[in-house]
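Visitor: Hi! Could you walk me through this structure?
Guide: Happy to. Let's bring it up.

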Amino acid sequence: MDNLQPKLQAVAADELRNRLAAILPAHSLIEETEAQRPYECDALSLYRELPLFVALPETVDQAQAVLRCCHALEVPVVARGAGTGLTAGAMGHPEGVLLGLAKLNRIIKIDPVARTATLQPGVTNLAISAAAAKYGLYYAPDPSSQIACTIGGNVAANSGGVHCLKYGLTTHNLLSIEMLTVEGERVTIGSPGLDSPGLDLMAVITGSEGLLGIAVEITVKLLPQPELARVLLAGFDSVRSAGDAVGAVVAAGIIPAGLEMMDALAIQAAEDFAQAGYPRDAEALLLCELDGTVEEVDQHIAQVSNIFSAHGATSLRISQDEAERALLWKGRKSAFPAVGRLAPDYYCMDGTIPRGQVSHVLEKISQLAEQYDLRVANVFHAGDGNLHPLIMYDGSDPAQIRRAEQFGADILDLSVAVGGAITGEHGVGLEKLNQMQTQFGEAELHLFEDIKIAFDPRLTLNPGKGIPILKRCQEYRALPGKHNHG
Ligand SMILES: Cc1cc2nc3c(=O)[nH]c(=O)nc-3n(C[C@H](O)[C@H](O)[C@H](O)COP(=O)(O)OP(=O)(O)OC[C@H]3O[C@@H](n4cnc5c(N)ncnc54)[C@H](O)[C@@H]3O)c2cc1C
């Protein structure tokens, strides 16, 4: 990457290596280039960078010692969970240490009375619900990557998922975080109670993308499993009708557990992959999950069916049992890998728009697809207005890569232009740094910068990501003896 700096001088790198080797067992320190390759990118493989060292601590004490050592040597540290992020947020820094937290994967405690789970950061999202199931509980935020992504990464990205429309994003389901500061101090943010004293640092830390500290213990809320959940699948002959039906469901006062939309290309890809029985002839489909008591679900299924029919649904199917419900979701949850079969590469965008702008934005996206001569499949968290256009390209063709990147940037600009946001749930990372200046004015960016500097004055935590460091970075760079980070 052009904006990253040359590696530390050899002497400093040797010192760093020796100190890390004294902290970590040999198998937890990865030095060889080929062994580091799995860590050179996250799921946005357009951006790749090898770190100086990959450190994989097995205890919080080891993670703490790594941070202390990096702080003493002013070495950049990039936290990494499972590396499923889609914004190059967990991509390593060539002068720094990639701090992989996946080995910190212990479920510390499930408290069925308080309905909480206390977790190390490397516990996968799906493992939380699996462990809570025996108490009739589950963890609501459910990114499609939940089989792999970690709770530490979910906190850092403030991740969402199908169930976030009704049950909130990660931030709404957290109680407390134990965090290591850049200096390696262990601090507690939040509390088991509903209201914590002091400034609400939870709100600052959640979604902070490894820029402010490293989460090492997380306590989340658990919810009782609903008595019943059913999914309604509806096909439509236009994206506009499906978009209007989404608005009508919410306007009727129904908050579904999930409300997802896919366009024709996404339907074909998902159906080829999952054989879920999606209507292949539809231009758009909606998947709407209703949960609650049996009476509530029955009533809502009837209401939503009527709304979909009134908006011209061309087909309607209601899941009859858990197996059918899982099958209907399988298509949606595997839509990304399914689209991966249509082209050598795809670029997954993530912007949020007001619900009422869905058809306008989709029309613009298909115009852009023609302009850039690239295909695009659209998958949405429709209830939240969160878009995931999947731009298909061939990564062996540099011209296509450039067109895909520009196409993606145009979609983000368009999201802002219609009153939306440059990020729905994937964060900013390296990918959306330029668009931060489309979304925010200088005054806001300087406030973000001030917060970053308050936590990390030397700018060594995940440098070059998340917040475009404006003026302060120039000042910082001008100081004698400082490295030239991000
Ligand atoms: C197929 C697919 C589907 C996806 N679906 C969704 C979806 O539905 N919803 C959604 O929100 N996202 C989705 N994502 C994106 C991604 O899975 C989420 O952002 C997830 O939270 C990342 O978790 P991770 O453990 O892989 O984090 P990583 O990718 O390793 O890291 C993500 C960011 O968090 C930081 N970080 C990681 N761990 C810590 C820690 N312990 N402390 C501080 N900072 C840390 C990293 O530095 C980086 O900036 C999807 C990705 C894929 C590939």
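**Strands, helices and a ligand**

Guide: Let's start with one pair: V78 stands opposite L98 in β4. Before going on, note that this is a predicted model, where local features need pLDDT of at least 70, side-chain atom pairs count only at pLDDT 80 or more, and totals for chains, interfaces and linings use all residues. Residues are numbered from 1 along each chain as its sequence is written, and side-chain values use heavy atoms, with hydrogens and water left out.

Visitor: How many bridges join β3 to β4?
Guide: Four, and β3 and β4 (residues 97-100) run parallel. Two strands pair if DSSP finds at least two bridges between them. Strands here are DSSP runs of E with at least two residues, helices are runs of H or I with at least four, and both are numbered from the N terminus.

Visitor: What order do the strands of that open sheet take?
Guide: The order is β1-β2-β4-β3, four strands with mixed pairing. At the edges are β1 (29-30) and β3, each of which pairs on one side only.

Visitor: Which strands does helix α1 touch?
Guide: Helix α1 (residues 10-23) packs on the sheet and touches β1, β2 (53-55) and β4. Contact means heavy atoms within 4.5 Å. The direction of α1 makes about 20 degrees with that of β2. For such angles, axes are lines fitted to C-alpha atoms, for helices over the stretch in contact, and the angles run from 0 to 180 degrees between N-to-C directions.

Visitor: And where does α3 lie?
Guide: Helix α3 (residues 60-73) lies across β2, β3 and β4, at about 165 degrees to β4. α3 also lies across β8 (174-180), β9 and β10, running at about 55 degrees to β8.

Visitor: OK, so what's the strand order in the open sheet of five strands?
Guide: That one goes β5-β6-β10-β8-β9, with antiparallel pairing. Its edge strands are β5 (107-111) and β9 (186-190), and each pairs on one side only. From one strand to the next, the twist averages 15 degrees.

Visitor: What stands opposite I177?
Guide: I189 in β9 does. β8 and β9 pair in the antiparallel sense over five bridges. Their hairpin has five residues between the strands, and G184 there takes a positive phi near 90 degrees.

Visitor: New topic: how many residues surround the ligand?
Guide: There are 35, and the closest are A79, T84, S145, T150 and S159. A residue counts as near if one of its heavy atoms lies within 4 Å of the molecule.

Visitor: Which helix gives the largest share of that shell?
Guide: α5 does, with five residues. β3 (77-80), α5 (151-157) and β10 (214-221) each supply at least two.

Visitor: Any polar contacts worth a look?
Guide: Here a polar contact is a pair of N or O atoms within 3.5 Å; within protein, one must be able to donate a hydrogen and the other to accept it, and residues adjacent in sequence count only if both atoms are side-chain atoms. A backbone N or O atom of G83 sits 2.8 Å from a ligand oxygen atom. In the side chain of E425, an N or O atom is 2.9 Å from a nitrogen atom of the ligand.
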